[in-house]
Amino acid sequence: MSYKIQPVSKPVLFGESPLWDNRRQQLVFTNAFGKSVSIFDPLSEEIASKEVKIENEEFPWIVVSMPYSSSTTKFLVALSTGKLVEFDWDLGVTKILYSCENNDNLSFLEDGKCDSQGRYWTGIAKFVDMRMAELDEGKGSIFSLSGNLGYKLAEENYTVPNGLGWNKEGTKLFWNDLTRRVTNVFDFDVQSGQLSNRKILLDYKNNPQLEGSFPDGLCTDVNGNVWIANWKGKSVVKVDGETGTLLDTITLPTTNVTSLCFGGPNYDSMYVTTTSINLDLTTVQGEPDAGKLFRILNPRDNSFKGVQESFFAL
């Protein structure tokens with residue numbers, strides 16, 4: 001395939017969770033360790049960022065900045081420590097909406113997206129020892145949050161539930177388990193939000209070309225293929241959403257690739273987030289493009305296209 005790969009921004013600390021807002025014609029993403037909601041304007045190629053703050057409360061990072069369906073200036077922001085808050089971009093005001101159970105300070109929120117009904121889906125990873133970054137294997141879970149702030153546990157037996165996304169019809173939900181290095185697929189009931197028939201779509205351990213890579217962010221295209229950002233893998237991969245067959249690989253000039261989405265007026269531009277620091281907060285060395293936002297184009301392929309994502313319906 002003839003891909004055109006362009007770095008289109010200055011570096012940020014830790015880019016994550018990109019989402020194209022068709023109302024703004026801009027990209028919303030999270031600078032996780034900068035604790036900032038960020039908006040990229042593809043015309044000026046500038047990033048505007050605002051830090052999320054809560055009075056008398058510290059948190060290590062933020063995970064997701066999800067626009068409201070009813071507003072382009074309000075966002076559902078997931079704090080790593082388990083709180084979901086409303087952030088008003090214009091006023092700079094933060095309001096706590098929901099607090100997940102985190103009494104032991106060993107549970108952390110991971111990636112999240114909204115289904116076609118506006119319910120927010122996210123996951124929790126649990127640690128045995130935070131100082132040693134020792135995960136509690138299989139004790140993570142995924143859940144949904146509706147607009148009336150109703151919490152619904154959906155699935156257990158995850159370790160680090162990370163990137164997720166639905167097929168075009170909304171009937172299949174794909175969800176990565178990062179440290180187990182697998183992508184799972186569920187049947188998804190659009191109206192009830194019920195999950196069933198969990199299967200492994202792709203097991204990285206069975207693919208030598210993915211050695212050393214971890215499945216991080218995820219999105220889908222118009223043909224039902226799954227695209228996955230490879231943490232520590234310098235790449236994104238295209239996977240058949242039915243068979244799990246690895247179809248294509250796009251190599252990037254930076255190691256820590258975190259997430260991706262389709263955007264642009266026709267959803268034919270892929271945006272990829274990366275980091276300029278490692279998880280231990282040390283600076284990535286020898287990679288001048290680390291932390292930049294990348295845009296990938298493939299004008300010769302009309303199927304290189306995504307669909308509009310859903311926003312949080314409060």
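**Briefing: a four-stranded sheet and an enclosed cavity**

Tyr271 stands opposite Arg295 in strand 25, and this pair of residues offers a way into the sheet described below. The model is a predicted one, and two features of it are taken up here: an open sheet of 4 strands, and a cavity with about 80 Å³ of space.

**The sheet**

- The open sheet has the strand order 1-25-24-23, and its pairing is antiparallel.
- At the edges lie strand 1 and strand 23 (257-263), each of which pairs on one side only, while the twist from one strand to the next averages 25°.
- Strand 1 (residues 4-7) runs antiparallel to strand 25 (residues 294-297) and is joined to it by 4 bridges, with Pro7 standing opposite Phe294 of strand 25.
- Strand 24 (residues 269-274) also runs antiparallel to strand 25, through 3 bridges, and here Met270 stands opposite Ile296.
- Strands of a sheet pair through backbone hydrogen bonds, in either a parallel or an antiparallel way.

**The cavity**

- The count comes to 1 cavity of 30 Å³ or more, and about 80 Å³ of space lies in the largest cavity.
- Residues lining the largest cavity include Ser17, Leu19, Met66, Asp111, Lys113, Leu218 and Ser259.
- By class, this lining has 6 nonpolar, 4 polar and 2 charged residues.
- Strand 2 (15-21), strand 6 (62-67), strand 10 (107-114) and strand 23 each supply at least two residues of the lining, and strand 23 is also one of the edge strands of the sheet.

Notes. Residues numbered from 1 in each chain as written. Predicted model: local features only at pLDDT ≥ 70, side-chain atom pairs only at ≥ 80, totals over all residues. Heavy atoms only, no water. Pairing = 2+ DSSP bridges. Axes fitted to C-alpha atoms, helices over the stretch in contact; angles between N-to-C directions. 1 Å grid on protein atoms, 1.4 Å probe; cavity = no way out; pocket = protein on both sides within 12 Å on 5 of 7 lines; lining within 4 Å. Points joined across faces, edges and corners; volume = space filled by probe spheres on them. Nonpolar A, V, L, I, M, F, W, Y, C, P; charged D, E, K, R; others polar.
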